[in-house]
Structures are given as structure tokens and as C-alpha cells.
Amino acid sequence: SEYKGIKGFQVQTRTDDPVPYAQALADNPYVGAWSSGGAMNTAKYGVTNGTCGIQTAAISAGGHPNLAETEQYNGTAWTEVGDLNTGRSRLGGAATSYTASVAFGGYLTGPSANLAITEKFDGSSWTESGDLSTARRMVTGAGTQTAALAFGGQSPGSSAVSSTEEFGGTSWTSGGAMNTGRNGSAGAGLQTAAFAVHDSNHEQYNGSSWTETTETNTARRFFAGSGTTTASLVFGGENPGGTAQLAITESWDGSAWTEVADLASNQYFNSGGGTNISALSFGHDNPTPTATEEWSFSGLPPSTPAADYSNAIVGDFYYNSSEGLFKNVKDGGAPIGSWASGGDMNSARF
């Protein structure tokens, strides 16, 4: 009563200690990680590479060796649907979901048997459409079924391809060439805004030309990507010497690459789908080739409204009835310390 008379208000009584916004973010940071998804029905690698749908509606077509099988992922399980008309592996793909996709290029029994064949999928069956101008394997795709992009790859003579082709739904036309011929690139995006990463080189396409930009931290090839030119993810692959498969994941925020949580397993010739915050990795070559991994985030996003923590006013004085203690709200988390040299003891001892 004396405190109330002086200050003009009663001390608040709480059953729990309130948490300031800064402390909440420190206690529950927003981070991404890979977890297990549903297994594919058939072990395969070198399936459609590029923009292969979203995490809850992805598509896989073809695969090594010369497979025609198509599988759809609904966020939980893979289901086999209508086969490609021409079985092949290391082909490109573009899809918004498993009901509207296009597959192109690839190869059959050997590196010299490159294909230009293009097929469109309506959710149940594939129909052949206009061929690529340049037959190629290890080609990467971006965009949608009616506005797709095919870039890079390898020619029958084993030369890396720099040409880009744009698909309008029925036929292909030439687009701007990449600055450097590449095969087995990670890439995704739209026909007018795509990205490609090979070794550590990173190029972006604006609908007419490719521009080199910031390199990744780790050089690799035959890996997958997801997202857009301003927010993307690349994962898996093998080192340039081909001596090691990798689990490394890197995230792009529009200006820099940051290494984030690894895949659960080392893998290459994998494919991807989704965005930079909700992605898939599937159809790879590793000891468990049917495994699917899902990338997602947990914790409080930095955009969480601070208003949700308005009851935790720094400096506020309150009574915790559960503990029977008077307390005040403090900001921040545990102090961050570091070690520095001090004076030596006179005698060595332990």
C-alpha cells in the first residue's frame, strides 16, 4: 500500500516471467535444417534437374539407367504415375507442380546418345512437343511448363554447352548464351529470372542475358538448387575433382552466399524443388538413393511482431507469484564472453 501511494499503481503479479522480444529471438532462433521425407519407389539418380515443383507437389521423371518412370510427391509420399514416352537420364525439367511440367534433353545408353526430345505432363500422361534445338545431357531447367528455360549441358562431343533455349509451350527459341559453358549445374527460377551455379561460378539470367555474380563458398558440380535469383538454396554435389560427394548446403540472400545446415547424407546427381525456405532433395546417387530430404525452418522468424512481446517491457517491476519473488524484466540473453591472457602463477601445478 505504501508503494502504491508513492508510485500510483500496484505491482503487477505474474505467474511466469515475461520474455522480451530480443530474448525470445535469442532463445528460439530462426534456422533451417534437413529432415527425412517419404522414400521414392525406385532407386534412381540423374532425374529431371531444375525447377521441379514445390515441396508439397514435386515431380521426378526419368533417371539412370534410361528410366521412363515418373513419380509425384505430395509432401509425404511418392506415387508412380504415367511414364515418359522416352526413357532417359540427366535431363532437364521445369514445373510449378506435379500436374504441369515439362522435361527435355537427356541421354540414353551412353554419353554420345544425347537427346533433344521434349515432353509435357498433364498430371497423368506425357505428350511429345517441339524438340530442343541442341541435343544435350546434364541440362538444367527453370520456369514453368509454358515458359521454360533450358541452359548448359553437355554436347555429343563432350563439350560443355553455353547456349540457352526458351520454351513457349510448343517450341524452343534461342536465348542469351551463358558466359561459360557448363554441365551439371544447380539452377532454378523463372524463364526471365533464373540462376545457375557450377563449380563456384554463379550466373543469373534476366530473360535476355546472363550476368556473373558472387561465387559460392564451395566449388562443386552435379548438384541441385531451389528458389529464385534473390533467395535461393544449393545443396549436394561432388567436388570438381570427382573424388568426394558432398552434403554442403548454401543459402543466397541476393548479395552473398552463407553455408547453412548440411544434408543428412552426401549425395550427387540429386534434383531439387521448392524455395529457399521449403525445399526438397531427391533422385540422387548415394548409399540410400531412394531417400528424400526436406528443408524447412523452425524458431521465430526475424519478422515476428515485437508487439506480441509488449507485456515484457524492459525495466518493468513485477511479482512472480509462482516463485514468491519480486523481479524486473531484463533484456538480452546470456552474456557472450571470451578468454584473454592473465598473469602466470609462480609455480607450475595441477
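**Entry: the cores**

I started with the largest nonpolar core, in what is a predicted model. I found ten residues in this core: Ala94, Val102, Phe104, Ala116, Leu132, Val139, Ala148, Ala150, Phe167 and Trp172. Next I asked which elements give two or more residues to the core. They turned out to be β8 (100-104) and β12 (148-151). In soluble globular proteins, nonpolar side chains tend to be buried together.

I also noted a second, separate core, made of nine residues. Ile59, Leu84, Leu91 and Phe121 are among them.

Then I picked Val102 from the largest core and listed what it touches, leaving out residues up to four places away in sequence. The contacts of Val102 include Gly92, Gly93, Ala94, Thr118, Glu119 and Lys120. Trp126, Thr144, Gln145, Ala148 and Phe167 are on the list of Val102 contacts too. So far as the core goes, Ala94, Ala148 and Phe167 are names I had already written down as members.

**Entry: the pockets**

I looked up the largest pocket and got a volume of about 210 Å³. Its lining has 15 residues, and Thr51, Gly189, Leu190, Gly227 and Gly274 are the ones nearest the centre. I see β3 (49-54), β7 (92-97) and β15 (186-190) as the elements that give two or more residues to this lining. How many charged residues does the lining of the largest pocket have? It has no charged residues, with ten polar and five nonpolar ones.

The second largest pocket holds about 150 Å³ of space. I counted 13 lining residues here, and those closest to the centre are Ser251, Trp252, Val260, Asn276 and Phe297. Two or more lining residues come from each of β21 (249-252), β22 (257-260) and β25 (293-298). By class, this second lining splits into eight nonpolar, four polar and one charged.

**Entry: the cavities**

I searched for cavities of 30 Å³ or more and got two. The largest cavity has a volume of about 110 Å³. It is lined by 13 residues, with Gly46, Val47, Asn49, Arg90 and Phe269 closest to the centre. Seven of the lining residues are nonpolar, five are polar and one is charged.

The second largest cavity has about 30 Å³ of space. Thr48, Ile59, Gly93, Ala94, Ala95, Ser101, Val102 and Trp126 line this cavity. I recognised Ala94 and Val102 from the largest core, and Ile59 from the second core. Which element gives the largest share of this lining? β7 does, with three residues, and β8 also supplies at least two. Five of the lining residues are nonpolar, three are polar and none is charged.

**Entry: backbone oddities**

I went through the backbone next. The peptide bond from His64 to Pro65 is cis, with omega near 0°. Pro65 sits in the loop between β4 (57-61) and β5 (70-73). Asn66 is in the loop between β4 and β5 as well, and Asn66 has a positive phi of about 55° although it is not a glycine. Asn66 is partly exposed, at a relative accessible area of 30%.

Arg90 is another non-glycine residue with a positive phi, near 55°. I placed Arg90 in the loop between β6 (78-81) and β7. Is Arg90 buried or exposed? Arg90 has a relative accessible area of 17%, and buried means under 20%, so I wrote it down as buried. I had met Arg90 before, by the centre of the largest cavity.

**Entry: aromatic rings**

A search of the whole structure gave me 17 aromatic pairs. I checked Tyr45 and Phe269: the ring centres are 5.7 Å apart and the planes are at 35°, so I call the pair tilted. Tyr45 is in the loop between β2 (31-36) and β3, and Phe269 is in the loop between β22 and β23 (271-274), so the pair ties together parts 224 residues apart in sequence. Tyr45 counts as buried at 16% relative accessibility, and so does Phe269 at 10%.

I checked Tyr205 and Trp210 too. Their ring centres lie 4.9 Å apart with planes at 40°, another tilted pair. Tyr205 is buried at 2% relative accessible area, and Trp210 is buried at 5%.

Last, I noted an aromatic cluster formed by Tyr30, Trp34, Phe235, Trp295 and Phe297. Phe297 is also one of the residues closest to the centre of the second largest pocket.

Note on methods:
Residues numbered from 1 in each chain as written. Predicted model: local features only at pLDDT ≥ 70, side-chain atom pairs only at ≥ 80, totals over all residues. Heavy atoms only, no water. Core = buried A, V, L, I, M, F, W, Y, C linked by side-chain atoms within 4.5 Å. Buried < 20%, exposed > 50% of the residue type's maximum accessible area, 1.4 Å probe, protein only. Helix = DSSP H or I, 4+ residues; strand = E, 2+ residues; numbered from the N terminus. Contact = heavy atoms within 4.5 Å. 1 Å grid on protein atoms, 1.4 Å probe; cavity = no way out; pocket = protein on both sides within 12 Å on 5 of 7 lines; lining within 4 Å. Points joined across faces, edges and corners; volume = space filled by probe spheres on them. Nonpolar A, V, L, I, M, F, W, Y, C, P; charged D, E, K, R; others polar. Phe/Tyr/Trp six-rings, centres within 6.5 Å; stacked < 30°, edge-to-face > 60°.
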